[in-house]
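Hi,

Here is the structure I promised to pass on to you. Have a look at it first, and then read on for what turned up in it.

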Amino acid sequence: MPEKNSFNLNLRNLFINTAKNFSDTEIVYRNKRRMTYSKFFQRVNGLAAGLKSIGVKEGDTVAVIDWDTDKYMEAYYAVPMMGAILHTVNIRYPPELIYYSMNHAEDKYVIVRDEFLPILEKNKQMFDFIKGWIVYNDDNGTVSTQMAPNYHYEDIVKNEKFEFPDLDENTTATIFYTSGTTGFPKGVTFTQRNLVMHTLALANGVQFSPINVGRSDNFMILVPMFHVHSWGIPYMGLLNGNKYVLPGRYEVGTILELLKNENIKFSAMVPSILYMVLSAPNLEEYREYLKGWRIIIGGAALPKGLAMKARSLGITAIGAYGLSETAPLLTIAMYNDSISRADDETKFNFSITTGIPVPMVNLKVVDQNMVDVPADAKTVGEIVVRSPWLTKGYFKDPQKTEELWKGGWLHTGDLAVIHPNGYISIVDREKDAVKSGGEFIPSLVLENALSEMKGVGEVAVIGKPHEKWGERPVAFIVKNEPIKESDVYEHLNKYVDVGRIQKWWVPDEIYFIDSIPKTSTGKSDKKELRKMLK
Ligand code: ADP
C-alpha cells in the first residue's frame, strides 16, 4: 500500500488524464498517418504489453533508431512508462559511434526503422548483446532482416491491457549520448522525476513567453527526437493537448507543406534549420502560412540577422538555452517586468538573448572562485546551475561526473554576461573562446554583428593560432548576395564606431565558403572549421 498522500512524480501519473481530456486531438505523421490521442495511448499500452511479451523487463534499456515518427512517439511513452530505459540513438553519428553508444548504454532491445538496418547488418556480429530487434518500415509492410531474433512492430503493438506500474520517481527513464561537439560522446541519464519536473516547467515557460503558446496551436518540432528528448516537447505538447505533427526526416519541401496543411503555429529548432527553411527557393508560395508562426530557437545563439529575416515574414522567433546535461531547458527569452514595459525594439533585442531562467532553475554566472559576476552586461563568467531535472552525471564515467558537478553546481562550460535587468547573453563556449593577448574575444557577439549584414547568410567565428597574440579571430561566411571582404570590414567598423564591438575583435581574416560544416545536431562545427584552417 502506498503511504497516505504520497504520489510519485512519474510519467504514468503525469499523463493520467491526457487520453481522456484530449481524446480527439490528433498526432500526425507527415501526410502518411494520423491518430487521436485516445488511439495513441491505446497503442502505447499495446507496445508496452508487446515489449513485455518478448522479454523486456523493468530496468532494461530499449534503443530507438528512427527519424521523427509516430512510432518513435509511441516508444517515448511506452518504454519509460513500463519502467524500461529509453535510449534515443543519435542517427547522425557515424556507424562506429552508433555501435559505441549502444554498447556503452547496454542496450538490450532495439526498435528500428528498416532504412537503418543495412548499417547494423554490416556489423551484425558486434551486436550479439541485443536480445531482440523490433522492425518496421514506413508503410507497415513486411521487413526482412538478418538481425535476429526479430519481431514486427505492428504485431507487437496488437497486444493490450498493460498495467503501467507506479514507478518510484527516481527510476531511470532515459539515456542518450552528447553530440560530441566539444569532446567524445558521453551518456546522460534522466529519471522519471527529472522528466516530470522538466515537462511542467517547459509548459509554463512557453505559455508565458512572448510566443504565448496555447491549446489551439498546432506543433511541429524540428529538433530530432534523439537530441535531448526533442527538447522535452513530445511530453509537454501532449500534456497541454496540442495537435502534434511529426515530420519524419527533415526535408524543406515536406516541412513547408506540413506548415500549410496542418496549420502549424509552434515549432522549435536550432538556427541552421530555420535558416534552411527561410532559404527555400519557393518560400514565396508559403508566405501566408509563415505569418503567425512562433518558434523557439535553442541549441545555439539566435543570430539577430536571422531573427530579423523571420520578423519580416511575420514569424516570431525567440531564444532559449539548455544543454544535454540539463534535459535541456534552463532559460527562455520571456519578458520580465522591465522588458514588458519597454518599446518594441528593446523587446525584440531581449527576445533573442539567452533569456531568463524558467521556474525552479537556480542559475548563476560566476568567476573562477564561484563568486557571482556583476550584472553589468560586460563581465564574463561561467553559467552554473541547479534544478530538479539535471542529470545526476555521465553514465559509467565518475571522473567526468565529478568535473560536471564540481562544488555541487552543474558546470555548463558556457561563458555569459548578465544584463542589469537580469537577462543572460551567452558570449561563447569555454572550449571555443578566442583568447587573444591574454584577453578574450566573444565569438558569438562577433557572429551576431556579422549576421546583421545584408548578404551574410550563415557565419561562424573561430580562433586561429597566432605567434604574438596566442589566437586571433577569423570569420567564415556563407553569402546569400554578392559581397566583398571590404564590405564586411566596412560593416564591422561601423559597429566599432558605435561601441558595439571593440576594434581589436575585428577578425584578421575572412573566408567566404559554400556552407558551414555542421555537427550531428545541426550546429556550426567549430572543431571541423579549425581543422579546415590548418
Ligand atoms: P553540444 O554540446 O554537442 O552542442 P548540446 O545540445 O548539449 O550539445 O548543446 C548545448 C550547448 O549549446 C550549450 O552548452 C551552449 O554552448 C549551446 N547553446 C544552447 N543554447 C544556446 C543559446 N541560446 N545561445 C548560445 N548557445 C547555446
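Let me start in the sheet, and please keep in mind that this is a predicted model. Strand β10 (residues 218-220) and strand β12 (residues 264-269) run parallel and are joined by two bridges. If you would like a pair of residues to click on, Phe 219 has Phe 266 in β12 as its bridge partner. Helix α8 (residues 192-207) packs on this sheet, where α8 touches β12, β13 (294-297) and β15 (329-332). The direction of α8 makes about 10° with that of β15.

Zooming out, the sheet is an open one made of nine strands, with mixed pairing. Reading across, the order is β2-β1-β11-β10-β12-β13-β14-β15-β16. The edges are held by β2 (33-36) and β16 (356-357); each has a single partner strand, so one side of each is left without a neighbour in the sheet. As a general reminder, strands of a sheet pair through backbone hydrogen bonds, either parallel or antiparallel.

Next, a residue that I think you will enjoy looking at: Asp 66. You will find Asp 66 in the loop between β3 (61-65) and α4 (70-81). Is Asp 66 buried or exposed? Its relative accessibility is 1%, and buried means under 20%, so Asp 66 counts as buried. What does the side chain of Asp 66 make polar contacts with? One partner is the side chain of Arg 113, at 3.2 Å, and another is the side chain of Tyr 136, at 2.5 Å. Leaving aside residues up to four places away in sequence, Asp 66 touches Tyr 72, Ile 91, Arg 113, Phe 116 and Tyr 136. Asp 66 and Gly 248 are also worth displaying together: they are 182 residues apart in sequence, while their C-alpha atoms are 8.4 Å apart in space.

Finally, the domains. The protein is divided into domain 1 (22-190), domain 2 (192-360) and domain 3 (434-533). Between domain 2 and domain 3, the centres are 26 Å apart, taken over C-alpha atoms. Where these two meet, 12 residues of domain 2 are in contact with 13 residues of domain 3. Together they bury about 970 Å², with 60% of that on carbon and sulfur atoms. On the domain 2 side, Ser 272, Tyr 275 and Lys 304 lose the most area to domain 3, together 43% of what that side buries.

Happy browsing, and best wishes!

Terms used
Residues are numbered from 1 along each chain as its sequence is written. This is a predicted model: local features need pLDDT of at least 70, side-chain atom pairs count only at pLDDT 80 or more; totals for chains, interfaces and linings use all residues. Side-chain values use heavy atoms; hydrogens and water are left out. Two strands pair if DSSP finds at least two bridges between them. Helices (H or I, at least four residues) and strands (E, at least two) are DSSP runs, numbered from the N terminus. Contact means heavy atoms within 4.5 Å. Axes are lines fitted to C-alpha atoms, for helices over the stretch in contact, and angles run from 0 to 180 degrees between N-to-C directions. Buried means under 20% relative accessible area, exposed over 50%, partly exposed in between (1.4 Å probe, protein chains only). A polar contact is a pair of N or O atoms within 3.5 Å; within protein, one must be able to donate a hydrogen and the other to accept it, and residues adjacent in sequence count only if both atoms are side-chain atoms. Domain bounds come from an automatic or database domain assignment. Buried area is the accessible area (1.4 Å probe) that two parts lose on being put together, summed over both.
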